[in-house]
Amino acid sequence: MRRTLSAFPEDRRRAARRAGVAAAALGCVIPLLAVGTAQADSSSGSAAAPVRLDYPLNGTTHLTGTGSDLALGPGTLKTSTNLTTGELTAETQLPDAPGSFKALGIPISVTTEFIEEEPTTGTLDLKTGAVSTTSHLTLRLKNLKVAGIPTPVGPNCKTRTPAVIGLKSEPGFNVFTGGTLSGTYTIPKFEHCLLATPVINSMVPGDGNTLSLTLGKAARPPAEAGS
């Protein structure tokens, strides 16, 4: 008598296990195939389509002028990478970051908005997986309070020029599973902050500020993931 899976549950379980192992193996192989295909396209001279990946994003920046830290995120880093050349572009989406510090013993709180003036650019080392990026972000201050008292700064209290922020991946970074990017940057002078302009410029601008961003596991954009 011919046996069938429906008649023998044990056979059905074995088949399900084999299917699960095959699916897991496929999930591991697909990223390698993508890189391998890009390298093959590079050697043959044909252009590879950019790979789109989104990363969940959290981080911290330390401001040397005020001696305070700002928590960043949760946000999203939307990347597009050419796996033939290693060139990448990215769009950084971060919510406003509230922060506080003390000046001469007086508590001060303010919210910082990070405005990306142009797409982030960078490179992916196709051999090591290391990443380096450069972003141009304007810092806008709002909701300033001194000793709990609201202090007007107007709607355009911003850095005169964007802050140029260079980041590099730390050891352990992986383009598929994420990791940490870090660097230092200079905060330019502010303008259009009404009467608070000289006070803000005496405390906030300056160099030596640090930034650390932690990227989570990469995912395809929703529209692409459903295709």
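The lining of the largest cavity comprises 19 nonpolar, seven polar and no charged residues, where Ala, Val, Leu, Ile, Met, Phe, Trp, Tyr, Cys and Pro count as nonpolar, Asp, Glu, Lys and Arg as charged, and the others, Gly among them, as polar. The model is predicted, with local features requiring pLDDT of at least 70 and side-chain atom pairs counted only at pLDDT 80 or more, whereas totals for chains, interfaces and linings use all residues. Residues are numbered from 1 along each chain as its sequence is written, and side-chain values use heavy atoms, with hydrogens and water left out.

This cavity encloses about 320 Å³. A cavity is a set of points, on a 1 Å grid over the protein atoms alone, where a 1.4 Å probe fits but cannot get out, and lining residues have an atom within 4 Å of a point. Grid points are joined across faces, edges and corners, and a volume is the space filled by probe spheres set on the points. Of the 26 lining residues, Leu 77, Thr 120, Thr 133, Leu 181 and Leu 213 lie nearest the centre of the largest cavity. At least two lining residues come from each of β1 (51-63), β2 (68-81), β3 (87-93), β5 (106-124), β6, β9 (163-169), β10 (179-187) and β12 (206-215).

Two cavities reach 30 Å³ or more. The second largest has a volume of about 110 Å³. It is lined by 13 residues, with Leu 63, Phe 101, Val 110, Thr 112 and Leu 141 closest to its centre. Two or more of its lining residues are given by each of β2, β4 (97-103), β5 and β6, and β4 contributes the most, with three. Eight residues of this second lining are nonpolar, five are polar and none is charged.

The protein chain contains three helices and twelve strands (DSSP runs numbered from the N terminus; helices H or I, at least four residues; strands E, at least two). Of its 227 residues, 34% are buried (under 20% relative accessible area, 1.4 Å probe, protein chains only).

The largest nonpolar core, a set of buried Ala, Val, Leu, Ile, Met, Phe, Trp, Tyr and Cys residues joined through side-chain atoms within 4.5 Å, has 41 residues, and Phe 190 and Ile 200 make the most contacts inside it. Strand β6 (residues 131-146) gives the most to this core, with five residues. Beyond its neighbours within four places in sequence, Phe 190 is in contact (heavy atoms within 4.5 Å) with residues including Leu 139, Leu 141, Cys 157, Ile 200 and Val 204.

Methods
Buried < 20%, exposed > 50% of the residue type's maximum accessible area, 1.4 Å probe, protein only. 1 Å grid on protein atoms, 1.4 Å probe; cavity = no way out; pocket = protein on both sides within 12 Å on 5 of 7 lines; lining within 4 Å.
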